[in-house]
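Me: Please take a close look at one part of this model, the hairpin and the sheet it belongs to, and then place that part within the rest of the structure.

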Amino acid sequence: MRDISWYPGGVLLRGPHPPSTQYLGVYIFTPGFIHRVDIRECSPNYLSTRWSYFITTEVLMNADETLDCKGLSCPMPIMKLALTMKKLESGKILELLGTDPGSKDDVPKWCGKTGNEFLGMEEEGGVNKFYIKKT
Amino acid sequence: MPEKERSPFGELWATFFGKSWPMWVGGIVLAVLNICLFLVKSPWGGSGSYVNWGQNLYSSLGILSIPGLHAVTAHHYGLLGLMTVLGAFAGALLSREFAIRIPPAGEMLKGFIGGSLMALGSTMGIGCTVGGFLSGWPSLSGGAIFLALGFGIGCFLALRYLLWEMENLPSMSMGKSFTLLAAKGTSGVWQPILGFIFLIGLFIWGTRFYRTDAVFTWFAVIGILLGLINQRSRFCVTRAFREPFMTGESEAPIAIFAALLVGLFGFTVIKYMGVGTATAGEARILAMTWVYPHFWLRALIGGIIFGLGMTVAGGCAVGTLWRTGEGQVKLWFSALGFLLIAPLSKKFIVPGFSSALPEWAQRKVFLPDSLGYWGAVLLFLVIILLWYLFVKWNERTGKFSAV
């Protein structure tokens, strides 16, 4: 965690992020879990001073299933994502591991188009981790 | 909330290398570069690079003897392709997107098969998605329309195969994969630093090495930019054909429409005005540039084979070039298949194929000859409009999209 600011009701964290965007998360801590209340994406050069609080909380880091697409290039990650999501139960969270730079744009777009919820993305050791929730 | 102020250079980096460019922006810039290339000598094409590379390989191994063969750095398109790979490499480094990505074995095999099919399709049909289509339509070649139709058919069939394979042969795309030399966290800054030095070095090499030959100098410089911009915008003609049948998204087709429209405009100006020519004979030769003898069946057959290959490989001739620079090993195998098979196809398969086809199936058709310049341009505009309407309708209804 790079930046921690304390607020009543939660903590503002600026976590690991890809070079181009910054993901802000307002997290509420309860024993054993981190619930994400809100995620907003900001451009690198300004910081939003307003954020809205959504009621839903998801346990972000505990994915129900993992799909390994490391090493696969376009179009395979999206095709595999679509196939896996078809079989996933509603409400479950899928963790997609990928190395194709194109996926950074493709995955959120696919989620938006199919109505599934894109929870966020992390980069770790050269591998992109995407979190998608089936609606 | 305090925010670290970016330096002007930091902002410059963030604008160009922080995230991918919109694909339509890439399309427009690439079309402009294509026009410049045409003004220098002749339009952009992808498959010619592989033919030259393969011929050089076979010649140096003593397997084939090719009269009039030029070394890679002494062949305009051999050089253009090489600089495209290196420019994409620089672009990937600068945006921290370079990594040697080794996929599962089944994927590498598909890469090789795809590249080989593309080699067959581009030599038999004459032209790839760039040379035969992105340059071919602006060149007002009638055969290029059938080439594109072939790409669409081949792409659709290959996509059906990939969907079938994912369900029934999942092992082809599963297995151990390796990612090497990725940019990790703050230590990954080695990539942009190396990328910057490499890019400067490329421009210096390109301009100094060819300082006595203006045409080669421009091919080198434009090649670097083609690679860089392709990588930054992830411009992909394969995707434009494939996306309506996959996710139904219209971003990629619209990007190539943008490239086609700009190209159409610029190429028509050049051909209409006979830019750089002094006599009617020279003007005619200029007008016939990139109009191949493939109208209409030859283009259709070659296009279908190429369409199959590009979809299986995950990139067309130029797509293979810039993804090779980005470190995608599946596309290294595509490039390998392409350059190994292209010279063999050209020498052993194409002559037989061409003589088996009747004369009416492989004519050079320059559309302004029968429709006039404005008629030819209008024809392409109408085709693009109809294609756009189909893409938008499909995006809304999802009729043809599989995922």
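Reply:

**The hairpin and its sheet**

In chain A, A:Glu124 sits across from A:Val127 of β9(A). The model is a predicted one. Further along the hairpin, A:Gly120 is the residue facing A:Tyr131 of β9(A). The two strands, β8(A) and β9(A) (residues 127-133), are paired in the antiparallel sense, and 7 bridges link them. The hairpin of β8(A) and β9(A) has 2 residues between the strands, and A:Gly125 has a positive phi near 60° there.

Strands of a sheet pair through backbone hydrogen bonds, in a parallel or an antiparallel way. The sheet in question is open and has 4 strands, in the order β6-β7-β9-β8 of chain A, and its pairing is mixed. β6 (65-69) and β8 (117-124) of chain A are the edge strands; each has a single partner strand, so one side of each has no neighbour in the sheet. Ignoring direction, neighbouring strands in this sheet are turned against each other by 20° on average.

Helices also pack against these strands. α1(A) lies across β6 and β7 (93-98) of chain A, and its direction is at about 155° to β6(A). α2(A) packs on the sheet too, in touch with β7, β8 and β9 of chain A, and runs at about 165° to β8(A). Both strands of the hairpin, β8 and β9 of chain A, are therefore among the strands that α2(A) touches.

A:Pro75 belongs to the loop between β6 and α1 of chain A. The peptide bond between A:Cys74 and A:Pro75 is cis, and its omega is about 5°.

For chain A as a whole, the count is 2 helices and 9 strands. Read from the N terminus, its elements follow the pattern β-β-β-β-β-β-α-β-α-β-β. Chain A has 135 residues, of which 31% count as buried. Among the contacts in chain A with a separation of 6 or more, 46% are between residues 24 or more positions apart.

The two helices that lie on the sheet also take part in the contact with the other chain. In that contact, 29 residues of chain A meet 35 residues of chain B. On the side of chain A that touches chain B, α1 (76-87) and α2 (103-114) of chain A each provide at least two residues. The largest share of that side comes from α1(A), with 6 residues. Sorted by class, the side of chain A that touches chain B consists of 15 nonpolar, 9 polar and 5 charged residues.

Chain B offers a helix pair for a similar look. α8 (residues 190-209) and α9 (residues 214-233) of chain B pack with their axes 8 Å apart, at an angle of about 165°. Angles over 145 degrees count as roughly antiparallel, and α8(B) and α9(B) are therefore roughly antiparallel to each other. The crossing in which α8(B) passes α9(B) is right-handed. From α8(B), the residues B:Leu202, B:Phe203, B:Gly206 and B:Thr207 meet B:Thr217, B:Ala220, B:Val221 and B:Ile224 of α9(B). The residues of this contact between α8(B) and α9(B) comprise 5 nonpolar, 3 polar and no charged.

Some backbone details of chain B complete the account. The peptide bond from B:Phe295 to B:Trp296 is cis, and omega is near 5°. B:Trp296 lies in the loop between β3 (293-295) and α13 (297-313) of chain B.

B:Arg96 is not a glycine, yet its phi is positive, about 60°. This residue, B:Arg96, is part of the loop between α4 (76-94) and β1 (100-102) of chain B. A residue is buried if 20 or more other C-beta atoms lie within 10 Å of its own; B:Arg96 has 24 others within 10 Å, so B:Arg96 is buried.

B:Leu140, also not a glycine, has a positive phi of about 65°. Its loop is the one between α6 (129-134) and α7 (143-168) of chain B. B:Leu140 counts as buried because 28 C-beta neighbours lie inside 10 Å.

Notes
Residues numbered from 1 in each chain as written. Chains lettered and ligands numbered in written order. Predicted model: local features only at pLDDT ≥ 70, side-chain atom pairs only at ≥ 80, totals over all residues. Contact = placed C-beta atoms within 7 Å. Nonpolar A, V, L, I, M, F, W, Y, C, P; charged D, E, K, R; others polar. Axes fitted to C-alpha atoms, helices over the stretch in contact; angles between N-to-C directions. Parallel < 35°, antiparallel > 145°, perpendicular 65-115°, else oblique. Left-handed = near helix turned anticlockwise from the far one by under 90°. Pairing = 2+ DSSP bridges. Buried ≥ 20, exposed ≤ 12 C-beta atoms within 10 Å, placed from the backbone.
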